[in-house]
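Please read the following account with the sequence and the model side by side. It moves from a set of paired strands to the enclosed spaces.

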Amino acid sequence: MLNQEVYNFLATAGAKYGVGFWKPGSGIIHQIILENYAYPGVLLIGTDSHTPNGGGLGSICIGVGGADAVDVMAGIPWELKCPNVIGVKLTGSLSGWTSPKDVILKVAGILTVKGGTGAIVEYHGPGVDSISCTGMATICNMGAEIGATTSVFPYNHRMKTYLNKTGRADIAALADEHKDDLVPDKGCKYDQVIEINLSELKPHINGPFTPDLAHPVSEIGAVAEKNGWPLEVKVGLIGSCTNSSYEDMGRAASLAKQALDKGLKCKAAFTVTPGSEQIRATIERDGFSKILRDVGGVVLANACGPCIGQWDRKDVKMGEKNTIVTSYNRNFTSRNDANPATHAFVTSPEIVTALAIAGTLKFDPETDYLTAANGEKFKLEPPNGDELPARDFDPGQDTYQHPPAESGSVMVDVSPTSTRLQLLEPFDKWNGKDLEDLQVLIKVKGKCTTDHISAAGPWLKFRGHLDNISNNMLIGAINIENDAVNKIKNRLTGEYGGVPDVARHYKANGLSWVVVGDDNYGEGSSREHAALEPRHLGGRVILVKSFARIHETNLKKQGMLPLTFTDPTDYDKIRPDDKISITGLATFAPGKPLKGVVKHGDGSQDIITLNHTFNENQVEWFHAGSALNRMKELQ
């Protein structure tokens, strides 16, 4: 098996250190959490940005970097700057073509990809009860796309029903006893309030290239024509951690059945990704999978799959302009298929299914007609599907490995010649001096997500090998000097090369470097490699206009200095061939800005003020070289 070495490492490491292991085929962890671990009132952290999925069960589930999880497993308190609270008041009720996904697509359009940064989003109001528990999870899941710390719904009867159906009636009874503690306090004040009338909300589709570019489905065809986006839908993809519930699959199947009854199949290619083994087994038993296959769908493995770029796509050539529609949560450039010309749109599973049947963005299922095999015109009826299976869930195969009672004899084996696994070596400590003459490695132009910093897809096989995966560092970022990706000038040789190659050359020659970036740097996945790789390849500072929360913390954990311009226009003063010195580190302290001396090639200088968000403990991480180093010092 291609990944056997990695699975064996995870299984043996889990057994050795008392960690349960969900084997390959179990599903996506967020669905596993909802089905087994989340419950109203729990505080849970997870090493993925879509951990807030558990908010659909009234949980405070927060995405963090892996080093934060290490702290918690080691018994060290986890901390977070107290967030603001954004209230989203829901009135009316969902019906027809409108789905829970449309709530968060609308909110993303309002708040943008950074409007939720530093805030928890709390949904409330009379409209909440019209949304299923798994529908609430969908909304909370995609809250990551607005930068929110997490999102949460108040405990209600929909959550109780889900707990009962997933074998947790005792927790439902306990939640009932404490329900007054699991809903907003009367008269509570929010830092910001958004109101959405669900009865008036229309189906939405967001994209391309960013999840906050919101359009009503009724308008997307005209908008696409105006902007030159391809109208033909090449592939429709449903499922993922965001939208693979029993209800989602049932509603999609209800549309597929209507098409089949009229002699139609999908004009676009169509894929279905179950979120867990339990969902896969249950939709197989209840006939949904057969209907989805019959209409032209391919049921993929219970895994992230194309949502995170695990898609060996063959239907278009690299660089070929095309459109795909997904029920996923994220649609950054190249994310799904590594093709920067793919225009990816995110929407509900129902709309994906309808557009896959029609084969075009220029189709509004609420008003437009399809042509049956016999030539007659017909409209799709609004989707319908049961919230939960009438016959309970089919758990499918048992894929969970409990840690053994005695683990002393368990060996964790990592081959020194492995290309997939590599034991980490400690990063070097701070030398007690200012960081002098850091070379600008790349000045990044525009959006730079963690996908740009550390691409997923085929690179994921190297997640356990820091040196190998570092060969993807910043290969998706746009160089402001030439508007190119993965092409920067090596200031030591004068030649152009890939970003990781130039970084390695600088490191080999003792030249530390700095990355300069724009707003909301590091948005998206909580991908810790996006912080590990710069540190491994000789980076010391990431200097930007603003950071996404998780990435900023991840950089601190690895002994990097994430700094922001006090004056964002100072970004414009930095040239791609500059050297930058960071001064004031001898008195580095919380709330005290640092100075940057920007040295230009013509001999001139600019002195700029740089902010940071380090607290006292985090300053100690920097001094020690990383949070892990500091942890070892304290043993």
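Two strands are said to pair if DSSP finds at least two bridges between them, and the helices (H or I, at least four residues) and strands (E, at least two) are themselves DSSP runs, numbered from the N terminus. This is a predicted model, in which local features need pLDDT of at least 70 and side-chain atom pairs count only at pLDDT 80 or more, while totals for chains, interfaces and linings use all residues. Residues are numbered from 1 along each chain as its sequence is written, and side-chain values use heavy atoms, with hydrogens and water left out.

Strand 23 (residues 513-516) runs parallel to strand 24 and is joined to it by four bridges, with Trp513 standing opposite Gly539 of strand 24. Between these two strands the chain passes through helix 16 (residues 529-536), in a β-α-β crossover that is right-handed; that is, with the strands pointing away from the viewer, the path from the first strand over the helix to the second runs clockwise.

Strand 24 also pairs in the parallel sense with strand 25 (residues 561-565), again over four bridges, and here Val544 stands opposite Thr564. A right-handed β-α-β unit is made by strand 24, helix 17 (residues 549-557) and strand 25. Because six of the six residues of strand 24 (residues 539-544) are buried, this strand is largely enclosed by the rest of the structure; buried means under 20% relative accessible area, with exposed over 50% and partly exposed in between (1.4 Å probe, protein chains only).

We turn now to the cavities. A cavity is a set of points, on a 1 Å grid over the protein atoms alone, where a 1.4 Å probe fits but cannot get out, and its lining residues have an atom within 4 Å of a point. Grid points are joined across faces, edges and corners, and a volume is the space filled by probe spheres set on the points. The structure holds five cavities of 30 Å³ or more, and the largest has a volume of about 210 Å³. Of the 22 residues lining this largest cavity, Ala144, Gly147, Gly524, Ala548 and Ile550 are the closest to its centre. Helix 17 gives the most to that lining, with three residues.

The second largest cavity has a volume of about 50 Å³, and its lining includes Gln31, Leu34, Thr134, Cys241 and Asp248. Helix 2 (29-36) and helix 5 (133-141) are the elements that give two or more residues to this lining, and the largest share, three residues, comes from helix 5.

Terms used. 1 Å grid on protein atoms, 1.4 Å probe; cavity = no way out; pocket = protein on both sides within 12 Å on 5 of 7 lines; lining within 4 Å.
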